[in-house]
Number of protein chains: 2
Amino acid sequence: MFNTSQRELLRVISESGPLSRTDLAAAIGLSKAAMSGIARELIDRGVLHETETVYGQGRPSVLLDLKPECAFFIGISLLEDPAPMILSDLNGNIIARQQLPHSRDPKVIANAIAYGLPEILKGHPQASSKLAGIGVALSGFVDEKQATCVQSTLLGWQDVPLAEFIRQASGVDTFIENDAKAVAVSEKLFGIARDVPNFSIVSLGDGIGCAHVIDGRLYRGNHGGAGEIAHATIEPGGAPCRCGKRGCLDTIASMTAIKEMARAAGLKCTSLSELEEEASLGTAEAIAIIHKAGAAIGLAISHLIQMNDPGMILVTHVEGSFEGLFGTVVQQAVEANVLPRYAGQTPIRTRRVDSDVWARGAASIAAHNFLIGPNIS
Amino acid sequence: MFNTSQRELLRVISESGPLSRTDLAAAIGLSKAAMSGIARELIDRGVLHETETVYGQGRPSVLLDLKPECAFFIGISLLEDPAPMILSDLNGNIIARQQLPHSRDPKVIANAIAYGLPEILKGHPQASSKLAGIGVALSGFVDEKQATCVQSTLLGWQDVPLAEFIRQASGVDTFIENDAKAVAVSEKLFGIARDVPNFSIVSLGDGIGCAHVIDGRLYRGNHGGAGEIAHATIEPGGAPCRCGKRGCLDTIASMTAIKEMARAAGLKCTSLSELEEEASLGTAEAIAIIHKAGAAIGLAISHLIQMNDPGMILVTHVEGSFEGLFGTVVQQAVEANVLPRYAGQTPIRTRRVDSDVWARGAASIAAHNFLIGPNIS
DNA sequence: GACAATAAGTTCACAAAATGAACCAATCAA
DNA sequence: TTGATTGGTTCATTTTGTGAACTTATTGTC
């Protein structure tokens, strides 16, 4: 599909945005002459197009950008039920939406996807001919080939070769990935982290997820377990966790844990926002819970910073209100536990996730394979 | 010096040991034809040589290995005073030793190195003509070009362009690196981690160091601060640390801290070995101190495993006795705080360091630049 | 002991990818 | 208007790699 230099070019543009031929040549380390040919071919093939003309001294430069409609991807999130399925272009724009019928049987899911494919592509002839891949996001462990779900508690799966099932049913190249890792890739390709080579994402939801992008690539770890901070021990000897240990971050700071603590304290809050509201009224228990959870997350993030020195931390949160007390506590806990030399040196950005995030993340896994090649060395 | 394919070949051999031309071709992704030419050139240049002949079915294969004497490196450790300076070959073998006169003035050090160079090379004519670089290990932060010491408390330095000073004084290419990071590279090139693409090293000494190798390359972090676990908060609200925070790992588990705790408990132990001995006699305070320190290290390592899922953890320790109670406690603490699914999945190897380790680590930084190119993307 | 079977490694004509140098193109500044 | 400046193209040449046929050195088998 693409050779090494072409891939490199796509990667650079996808990171840095539109660039002139000369800048691209410099960024990739090729001569202007070579660049000229590569650009021409990719323009002819409809992958690149000329956008802005930038005037300065000398001949103006013509910026080249990826054509968003040069490839399309299907993204499916198995985190919700029914599972949303989206059609996305190369910019992460969602072109069409659909829902898969409820099921946890891998083969049924694969067939449902194959069945839904013509449906979601209907009315998008371009996308039909340029469909480049399917991505699936799920909660659980995935092997390094992004093909098999090694284990998923939520789905009750063990060593399920889902990618192969879908590939066979649909005839389209398919990759699966853990939810947090998919969102990390999505932010790298489509989002706020495009030009950040090293960053980590921390996702707060019913559970806590985390993933690292290192040197511009998703770092999966030796067993695909990089980023499993949910079960890092934050409170030695603390509350028992469903994993069998005690004091895991998950037992203190996941939304499930927060709600449980609120219930145990006799508060009638069913969400973090409600708890925030209660805290703003001065309810001591609510404040204490928010402090405990926020401090735990902050401590975990501080460990992340000390350990890996990322260029950015991106916190995604389902239930909003990170601007309130909870967010403040997290920020303070990070600052308090990071080497003073580094305090404030690692930007922490937050993002409220909507239900599209997972499906778009899934699509980005397919886009990553299209643009940069498989995530293996 | 070397082109891309040649570099790749050197990297593969340095990772996997001697390989046949056919295996090399497959590993690098080149044709046998291309491999044939590359091997011939590198053999002619004295970089590779044929070693063993392996008999199987068909024509036997001839293994190619790096010639250790194809390049030599100088390694200097500024962690000790006087600073040891070694001459090493491409296998990390130490060919000659010397000591630099005491100084903390960068220019004086640079001149001392230049002055000592002919001395240490004397009697090694091969090394003189094939000296490929100088590496310096120091305690502190180093910039991503491995040229400037951004800050070193131990040396009292701030933004010292040491590499440039040495380069000018000696005329030899020079790179500097943090001590733990240098040892990590050394273990990757010369040591136990040769064939492990992802691993972390934890060095226990007067202070606590840590470094990560990811995808076969040293991962330095966004500000060169990856691996600074010494100041991760392990005991919130614990003892004040010289860094300004409280409860840092450094205040609980560094040799300095352990000795201080022993002193405070009224024990006359001046080393971990002595403390181990005391503990084996049943002295409760000694046992408590070892437990506290070991549990802290174990907890930190468990965070490392959960966060990054390395293929191996290598613990280097200055004061031996990791086989005793301390080592056991560390191992237990790791197992207890790691997701049960992963328990025992991450091998923890230990290595007692002698005083050569830092200097050899320093030399390995130069060797890395020779073999694999600069540690920047 | 001859001879297939097998696999390693080489040779060579050719193709692909990149380069350097010269050149054309489009602007600004004087 | 003209020169300086920078972006981009062309083309002959060099570098790098390939595929297929071939040579080489062994084991296994009849």
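1. Let's start with the small sheet in chain A of this predicted model. Three strands make up an open sheet in the order S8-S9-S10, and the pairing is antiparallel. S8 (141–142) and S10 (157–160) of chain A sit at the edges with a single partner strand each, so one side of each has no neighbour in the sheet.

2. Looking at one of those pairings, S8(A) is joined to S9 (residues 149–152) of chain A by 2 bridges, running antiparallel. Across from Phe141(A) you'll find Gln151(A), which belongs to S9(A).

3. Now for DNA strand C. There are 26 residues around it, and those that come nearest are Ser5(A), Ser31(A), Lys32(B), Ser36(B) and Gly58(B). By class, the surface near the strand has 13 polar, 8 nonpolar and 5 charged residues.

4. Which elements supply that surface? At least two residues each come from helix H3 (32–44) of chain A and, in chain B, from helix H2 (21–28), helix H3 (32–44) and strand S3 (61–66). H3(B) gives the largest share, with 4 residues.

5. On the DNA side, sugar or phosphate accounts for 68% of the strand C atoms within 4 Å of the protein, and bases for the rest. Two phosphate contacts are worth a look in chain B: a side-chain N or O atom of Thr22(B) lies 3.1 Å from a phosphate oxygen, while a polar backbone atom of Val62(B) is 2.7 Å from a phosphate oxygen.

6. For a base contact, check Lys32(B): an N or O atom in its side chain is 2.7 Å from a base nitrogen of DNA strand C. Lys32(B) is also listed among the residues that come nearest to the strand.

Conventions:
Residues numbered from 1 in each chain as written. Chains lettered and ligands numbered in written order. Predicted model: local features only at pLDDT ≥ 70, side-chain atom pairs only at ≥ 80, totals over all residues. Heavy atoms only, no water. Near = heavy atom within 4 Å. Polar contact = N/O pair within 3.5 Å; in protein donor to acceptor, adjacent residues only side chain to side chain. Nonpolar A, V, L, I, M, F, W, Y, C, P; charged D, E, K, R; others polar. Pairing = 2+ DSSP bridges.
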